[in-house]
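Student: Hi! Could you walk me through this one?

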Amino acid sequence: MHDDKDTPAVSIVLPVHNGERFLRAALDSILAQTMTDFELIAVDDASSDSTPAILAHYAARDPRIRVITNPSNRKLPASLNTGFAATRAPWLTWTSDDNLLRPEMLARLVEARDAACGADIIHADYVLIDDAGRETGCVATGPANDLLLDNTIGCSFLYRREVDEMLGGYDESLFGLEDYDFWLRARAAGFTFHRIAEPLYKYRRHASSLTNSRAETIHEMVHERLSGEIEAMPRSPTRARARLRLATRNAYRLRPKLVARAFADHPPTVLRHWREIAGWLRHAARLRLRR
């Protein structure tokens, strides 16, 4: 971080690769923030579409925007690390080229940071939108203690620079899982989380989004990332729940033995979640019928 009087309150990193379709809307949502004391570091990950021209146009209009161009495609986690290495603010966040910030997002996160004295990571709920920007649902984030069940932190957040520095940034080998892994490591390192029960972000689900295009690979990465931690837990209803969730979150590969081990840990926990198991099996059947 650069120590000077012009240091912004918040640094935002925006990694983008061939994001021309939604990039302008993403940039407009950032520039429409009611809290204006921020810098935006856009990292162009060797785009071949009109992304460079769009970024150059916006950077010429607003001095808060800086553009970094990767000479080759380095993928999301490496682009994040490149962007954060260039930031100056004591508080950090990032967004994607296909998602939108609500105008009050930064202001509300900063207000919550000030109210939750000592918290290292502030996070909020978010809305799901489709290709056309229509709202299709709302996702409530949850406590960091439930991170072994899901990425309960979500995509609307603000964290201290010290978190990034202590963790060494995002794991560049975990493309598609970099954020979930980051929160898991932050919790293990003892950083504190504070949730705002308010949707401040719009997360777009579309056919070419990373979540959809690499879903099967990401699910397998989740299994590899979490299985060791879950197996190291003592036998308990908590481990039974974590084992069951690890199985049912992946419909691409059925792991009935994992469900059986969860049942051995604590049968009532498994039985209480029979609807989750039924939904998992229905989803798995639909996936196989499509192939």
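**The second largest pocket and two phi angles**

Tutor: Sure! The second largest pocket takes at least three lining residues from each of domain 1 (10-208) and domain 2 (233-289), with domain bounds from an automatic or database domain assignment. This is a predicted model, where local features need pLDDT of at least 70, side-chain atom pairs count only at pLDDT 80 or more, and totals for chains, interfaces and linings use all residues. Residues are numbered from 1 along each chain as its sequence is written, and side-chain values use heavy atoms, leaving out hydrogens and water.

Student: How much space lies in the second largest pocket?

Tutor: About 200 Å³. Of its 14 lining residues, the closest to the centre are Asn 145, Asp 146, Leu 147, Leu 148 and Arg 187.

Student: Which elements give two or more residues to the lining?

Tutor: Helix H6 (178-188) and helix H9 (237-248) do.

Student: And what is the lining like by class?

Tutor: Eight residues are nonpolar, two polar and four charged.

Student: New topic: what is phi of Ala 46 near?

Tutor: Phi of Ala 46 is near 60°, a positive value in a residue other than glycine. Most residues other than glycine have a negative phi. Ala 46 sits in the loop between strand E2 (38-44) and helix H2 (51-61).

Student: What about Lys 75, where is that found?

Tutor: Lys 75 is in helix H3 (residues 75-85), and its phi, near 75°, is positive too.

Conventions: On a 1 Å grid over the protein atoms alone, a cavity is a set of points where a 1.4 Å probe fits but cannot get out, and a pocket is an open set with protein on both sides within 12 Å along at least five of seven lines; lining residues have an atom within 4 Å of a point. Grid points are joined across faces, edges and corners, and a volume is the space filled by probe spheres set on the points. Helices (H or I, at least four residues) and strands (E, at least two) are DSSP runs, numbered from the N terminus. Ala, Val, Leu, Ile, Met, Phe, Trp, Tyr, Cys and Pro count as nonpolar, Asp, Glu, Lys and Arg as charged, and the others, Gly among them, as polar.
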